[in-house]
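Here are my notes on the model you sent round. I've kept them to a few points, so have the structure open while you read.

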Amino acid sequence: DQGVVRKTGILNASCQWVFEPEYESIQRMQDQSFVLVRLSTKLPNTKMYQTSIADVNGKLQFPFLDGIMVNSFYKKPVYLIGNSLIGSYTVSGNVRLIQANGEPVSSESYDMGMPCGENFVVIRNRQYGLIDAQGKTLVEPQFAFDFQSHDYQNPIPCLHGTNQMQFIENTKRGL
């Protein structure tokens, strides 16, 4: 907005800051916790983000992690986190799964990822795969997607609400 830096915070009903206005975004989750995203101060002149989850009283559930966590309104056992956010629900760059307490699920990382129903679509080397909500690989990243039925709000196609994805293998379409 014309070079104006805007920060977000939350006041309680008594006009006390629960979260000081120092965040790039604050999003509420169903269990009354909040996803906090702030700019990192680790490297000068480099725009990097950090994410954590805080309870309704402003207490952090884990220290800030490098990257932006994809918020889902419903609390899940794992979340996607990556270097940057594309569209509404897609992260890119060093995409990995973390537990709700901030601990890594595994050392595996992907190029991009997004929620797809209760699962996550992940991309590695332009190949698509599927991971479940516990971080278990359902489909190794090995498929090309059918982009004709693509959801244009995010760069990764998903048949939302169906827990299915369309792909192409050997010029044949599959679901």
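**Notes on the pocket, the sheet and the rings**

1. Let's start with the second largest pocket, which has a volume of about 180 Å³. Its lining counts 13 residues, and the closest to the centre are Ser25, Gln27, Val37, Ile68 and Leu85. Keep in mind that this is a predicted model.

2. What is that lining made of? It divides into 8 nonpolar, 4 polar and 1 charged residue. As for where the lining comes from, strands β3, β4 and β7 (68–69) each supply at least two residues.

3. Now the sheet. It is open, has 4 strands in the order β3-β4-β5-β6, and its pairing is antiparallel. The edges are held by β3 (25–28) and β6 (65–66); each has a single partner strand, so one side of each is left without a neighbour in the sheet.

4. Inside that order, have a look at β4 (residues 34–39) and β5 (residues 49–54): these two run antiparallel and are joined by 6 bridges. Val37 stands opposite Thr51 of β5. You've met Val37 already, as one of the residues closest to the centre of the second largest pocket.

5. On to the aromatics. The structure holds 3 aromatic pairs. In one of them, Phe19 and Tyr23 have ring centres 6.4 Å apart and planes at 90°, so the pair is edge-to-face. If you want the reasoning on that label, planes over 60 degrees apart count as edge-to-face.

6. Are these two rings' residues buried or exposed? Phe19 has 2% relative accessibility and counts as buried. Tyr23, at 8% relative accessibility, counts as buried too.

7. Tyr23 also pairs with Phe64: the ring centres are 6.3 Å apart and the planes lie at 15°, so this pair is stacked. It links distant parts of the chain, with Tyr23 in strand β2 (residues 17–23) and Phe64 in the loop between β5 and β6, 41 residues apart. Both Tyr23 and Phe64 are buried.

8. Which residues make up the aromatic cluster? Phe19, Tyr23, Phe34 and Phe64 form one cluster. Phe64 has a further contact worth a look: the charged end of Arg38 sits over the Phe64 ring, 3.8 Å from the ring centre.

Methods
Residues are numbered from 1 along each chain as its sequence is written. This is a predicted model: local features need pLDDT of at least 70, side-chain atom pairs count only at pLDDT 80 or more; totals for chains, interfaces and linings use all residues. Side-chain values use heavy atoms; hydrogens and water are left out. Two strands pair if DSSP finds at least two bridges between them. On a 1 Å grid over the protein atoms alone, a cavity is a set of points where a 1.4 Å probe fits but cannot get out, and a pocket is an open set with protein on both sides within 12 Å along at least five of seven lines; lining residues have an atom within 4 Å of a point. Grid points are joined across faces, edges and corners, and a volume is the space filled by probe spheres set on the points. Ala, Val, Leu, Ile, Met, Phe, Trp, Tyr, Cys and Pro count as nonpolar, Asp, Glu, Lys and Arg as charged, and the others, Gly among them, as polar. Rings of Phe, Tyr and Trp (its six-membered ring) pair if their centres lie within 6.5 Å; planes under 30 degrees apart count as stacked, over 60 as edge-to-face and the rest as tilted. Buried means under 20% relative accessible area, exposed over 50%, partly exposed in between (1.4 Å probe, protein chains only). A charge sits over a ring if NZ of Lys or CZ of Arg is within 6 Å of the ring centre and within 35 degrees of the ring normal.
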